[in-house]
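Please look over the sequence and the model below, and then follow the account that goes with them. It starts with the ligands and moves outward from there.

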Amino acid sequence: MTTLAVRLHDAQRNAEATPQLPAGITIGEAYAIQHAVLERRFAAGERLVGTKLGFTSRAKMVQMGVSDIIVGQLTDAMRVEDGGEVRLSTLVHPRVEPEIVFRLGRDVDPTDPLADIVSAVDAVAPAVEVIDSRYRDFKFNLADVIADNTSGGLFALGGWQPIGDLGNRAVRLSVDGRDAQFGSTAAILGHPFRALRQLAGIAAREGFPLRAGHVILAGAATAAVPFGPSVVRVEVAGLGSVTVRGVV
Ligand code: OOG
Ligand code: MG
């Protein structure tokens with residue numbers, strides 16, 4: 001397990017693709033590898049700032065051929081300022097996708113059946129996620145992608161807004177001003193709050209802390225698109241927008 005974690009960690013650090021994992025790794029083992037990868041980042045001084053859900057929309061499941069909800073971890077080093085630059089050479093084969101992000105106003109104990117994660121959320125914002133699989137050709141099975149911190153790369157957040165009705169807001173991703181993807185927050189499990197409840201269940205099972213101030217990416221509402229030298233903008237109706245600029 002440690003060897004696999006080191007291989008994935010080095011692939012991320014060196015922005016070099018690595019082969020998929022050997023067959024037969026269980027989901028529990030895959031999360032253990034992910035934790036070992038993150039331990040290396042924490043040891044290098046990074047700090048856990050939240051979690052990210054994956055495959056919470058049909059569009060994403062269909063695009064990647066994986067149909068189970070997955071959870072990865074976000075560190076302070078993955079954060080890009082709104083309008084900030086991303087040096088593309090630090091990534092293997094990055095893609096961008098539109099997200100909404102929640103912020104926790106208080107700690108949540110996911111193992112407490114009475115803990116209500118939805119009521120712990122105090123703000124929401126639009127987000128752009130830069131995903132970057134460490135695997136060759138961006139191909140993986142469920143265990144592979146979990147071990148690889150669910151293709152976590154970078155993320156940028158727009159301005160925090162009060163939680164309003166999030167059931168059906170238009171989501172738009174544009175590249176250099178041209179529309180690339182359109183969707184709705186309804187594509188996220190019918191309602192993005194459902195993604196939060198899924199997170200609580202997986203966090204309890206796999207040992208993810210949910211702390212005050214943590215941010216939670218709910219999972220992309222649309223398929224991802226390749227990220228080249230360009231300005232990428234995500235807009236969510238009523239929540240504003242956020243941009244990142246890919247540079248060589
Ligand atoms: C895995 C990450 C999935 C999402 O929003 O669904 C994800 C991938 O597509 O490589 O972040
Ligand atoms: Mg995502």
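A polar contact, as the term is used here, is a pair of N or O atoms within 3.5 Å. The structure is a predicted model, and every distance discussed below should be read with that in mind.

With that cut-off in hand, one can turn to ligand 1, where a polar side-chain atom of E97 lies 2.8 Å from an oxygen atom of the ligand, so that this pair falls within the 3.5 Å limit for a polar contact. An N or O atom in the side chain of E99 is found 3.0 Å from an oxygen atom of ligand 1, while F55 contributes a polar backbone atom, which is 2.8 Å from an oxygen atom of this ligand. On its own, ligand 1 has 320 Å² of accessible area, and the protein covers 100% of it. There are 17 residues around ligand 1, and those that come nearest are F55, K60, E97, S151 and A220.

E97 and E99 also appear at the second ligand, a magnesium ion, whose protein donors are the OE atoms of E97, E99 and E129, lying 1.9 to 2.0 Å from the ion. Along the chain these donors follow the spacing E-x1-E-x29-E, and the pair E97 and E129 links distant parts of the chain, since E97 belongs to strand β5 (residues 95–104) and E129 to strand β6 (residues 121–131), 32 residues apart. Are these two residues buried or exposed? E97 has a relative accessible area of 3% and E129 one of 1%, and both count as buried because each value is under the 20% limit.

Away from the ligands, Q34 offers another buried position, for its relative accessible area is 0%. Q34 sits in helix α2, which spans residues 27–43, and, leaving aside residues up to four places away in sequence, Q34 touches V71, G72, Q73, I146, A147, N149, T150 and F208.

V175 gives a further view of the chain, from strand β8 (residues 170–175). V175 counts as partly exposed, at 22% relative accessibility, because that value lies between the 20% limit for buried and the 50% limit for exposed. Which residues does V175 touch, not counting those up to four places away in sequence? They are A180, V225, S230, V231 and V232. T111, by contrast, is 64 residues from V175 along the chain, and the C-alpha atoms of the two are separated by 41 Å.

Terms used
Residues numbered from 1 in each chain as written. Chains lettered and ligands numbered in written order. Predicted model: local features only at pLDDT ≥ 70, side-chain atom pairs only at ≥ 80, totals over all residues. Heavy atoms only, no water. Donors = N, O, S within 2.8 Å, 3.2 Å for Na, K, Ca; no water. Helix = DSSP H or I, 4+ residues; strand = E, 2+ residues; numbered from the N terminus. Buried < 20%, exposed > 50% of the residue type's maximum accessible area, 1.4 Å probe, protein only. Contact = heavy atoms within 4.5 Å. Near = heavy atom within 4 Å. Polar contact = N/O pair within 3.5 Å; in protein donor to acceptor, adjacent residues only side chain to side chain. Areas by Shrake-Rupley, 256 points an atom, 1.4 Å probe, with all protein chains shown as cover.
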